[in-house]
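Biologist: Please take one part of this model and look at it closely: the place where one would check for a disulfide. Then work outward from there to the rest of the chain.

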Amino acid sequence: MNNSQESIALPDFAVRLVHRSDEGFINEEIELKKYISSCGLGLILYFYPKDNTQGCSVQASDFTALSDEFAKLGYVVLGVSCDGVRSHQNFITKKELLIGLVSDADEKLCQHFEVIKEKMMYGKTHLGVVRSTFVFDKTGNMLASFRNVKAKEHARTLLNFLKTL
């Protein structure tokens, strides 16, 4: 996991957040700066390629398992993919996720963070989301960025990194 010194601001545009509540699902438009300001926590924003795939399931489950520990350190975790709201709801249900997921179907947030890159699969190149994580303090200042991370153990490695801040 390489911590980059780049700095990207949280965007001013609204994003679609899907998360579970006691009554079912909440599907709301939020602005990330206002969201962290209202909850008084820093933000871990992690980008992943696709709901319900093996690596993405491992990563989302790991972030869910550690979500209380991230909260104790003062962070809320949100996953981001280009999947739609219904796909996110199914993913949350199937994997019993406790974290919120941002539906970036128009790829606007992915483009803002420059996580869509050329990738190679089965000998062919295509554009896809490169697994990346960005950490912001509760005022919206970026503390760290990690690009091209591995799904397995990333959440634990990130938690250990945040404990050193």
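Modeller: Start with the cut-off. A disulfide is a pair of cysteine sulfur atoms within 2.5 Å. This is a predicted model, and by that rule it holds zero disulfides.

Why is there no bond at Cys82? The closest cysteine sulfur to that of Cys82 sits in Cys110, 3.8 Å away, so the pair is too far apart for a bond. Looked at from Cys110, the closest cysteine sulfur is that of Cys82, again at 3.8 Å and too far for a bond.

The two cysteines can also be described by their exposure. Cys82 has 23% relative accessibility and is partly exposed. The cut-off matters here: buried means under 20% relative accessible area, so Cys82, at 23%, does not count as buried. Cys110 is buried, at 0%.

Now look at Asp104. Which residues does Asp104 touch, leaving out those up to four places away in sequence? Both cysteines are among them: Cys82 and Cys110. The others are Val80, Ser81, Asp83 and Leu109. Asp104 lies in the loop between β6 and α5. Its relative accessibility is 3%, so Asp104 counts as buried. A residue elsewhere gives a sense of distance. Ala155 is 51 residues from Asp104 in sequence, and their C-alpha atoms are 21 Å apart.

Move next to strand β5, residues 75-81, where Gly79 is found. Gly79 is buried, with a relative accessible area of 0%. Leu101 is 22 residues away along the chain, yet the two C-alpha atoms are separated by 4.7 Å. Leu101 is also one of the residues that Gly79 touches outside its own stretch of sequence, together with Gly100, Val102, Tyr46 and Tyr48. Strand β6 covers residues 100-103.

Beyond that strand comes helix α5, residues 108-112, which holds Gln111. Buried or exposed? Gln111 has 51% relative accessibility and counts as exposed. Exposed means over 50%, so Gln111 passes at 51%. From Gln111 to Val129 is 18 residues in sequence and 9.7 Å in space, C-alpha to C-alpha.

Strand β8, residues 124-129, is the place of Thr125. Thr125 is partly exposed, at 49% relative accessible area. Leaving aside neighbours within four places in sequence, Thr125 is in contact with Glu118, Lys119 and Met120. Leu97 is 28 residues from Thr125 in sequence, and 31 Å away in space, C-alpha to C-alpha.

Two backbone points deserve a check. Most residues other than glycine have a negative phi. Glu96 is not a glycine, but its phi is positive, about 55°. Glu96 sits in the loop between α4 (85-95) and β6 (100-103). At 59% relative accessibility, Glu96 counts as exposed. Asn52 also has a positive phi, near 60°. Its place is the loop between β4 (42-47) and α2 (54-65). Asn52 is partly exposed, with a relative accessible area of 31%.

Now step back to the whole chain. How many helices and strands does the protein chain have? Its secondary structure comes to six helices and 10 strands. The C-alpha trace spans about 45 × 40 × 30 Å along its principal axes. A compact globule of 165 residues would have a radius of gyration near 15 Å, and the chain has 15 Å, so the two agree. Buried residues make up 45% of the 165 residues; Cys110, Asp104 and Gly79 are among the buried ones.

Contacts tell of reach along the sequence. Take the contacts between residues at least 6 apart in sequence: 62% of them join residues at least 24 apart.

Last, the surface and the charges. The accessible surface of the protein chain comes to about 8,700 Å². Carbon and sulfur atoms account for 47% of that surface. The chain carries 20 positive and 20 negative charges, and their mean positions lie 5 Å apart.

Back to the part you asked about. Cys82 and Cys110 are each other's closest cysteine by sulfur distance, Asp104 touches both, and the structure still holds zero disulfides.

Note on methods
Residues numbered from 1 in each chain as written. Predicted model: local features only at pLDDT ≥ 70, side-chain atom pairs only at ≥ 80, totals over all residues. Heavy atoms only, no water. Buried < 20%, exposed > 50% of the residue type's maximum accessible area, 1.4 Å probe, protein only. Helix = DSSP H or I, 4+ residues; strand = E, 2+ residues; numbered from the N terminus. Rg over C-alpha atoms; globule rule 2.2 N^0.38 Å. Contact = heavy atoms within 4.5 Å. Areas by Shrake-Rupley, 256 points an atom, 1.4 Å probe, with all protein chains shown as cover. Lys, Arg positive; Asp, Glu negative; His and termini not counted. Charge placed at Lys NZ, Arg CZ, Asp CG, Glu CD.
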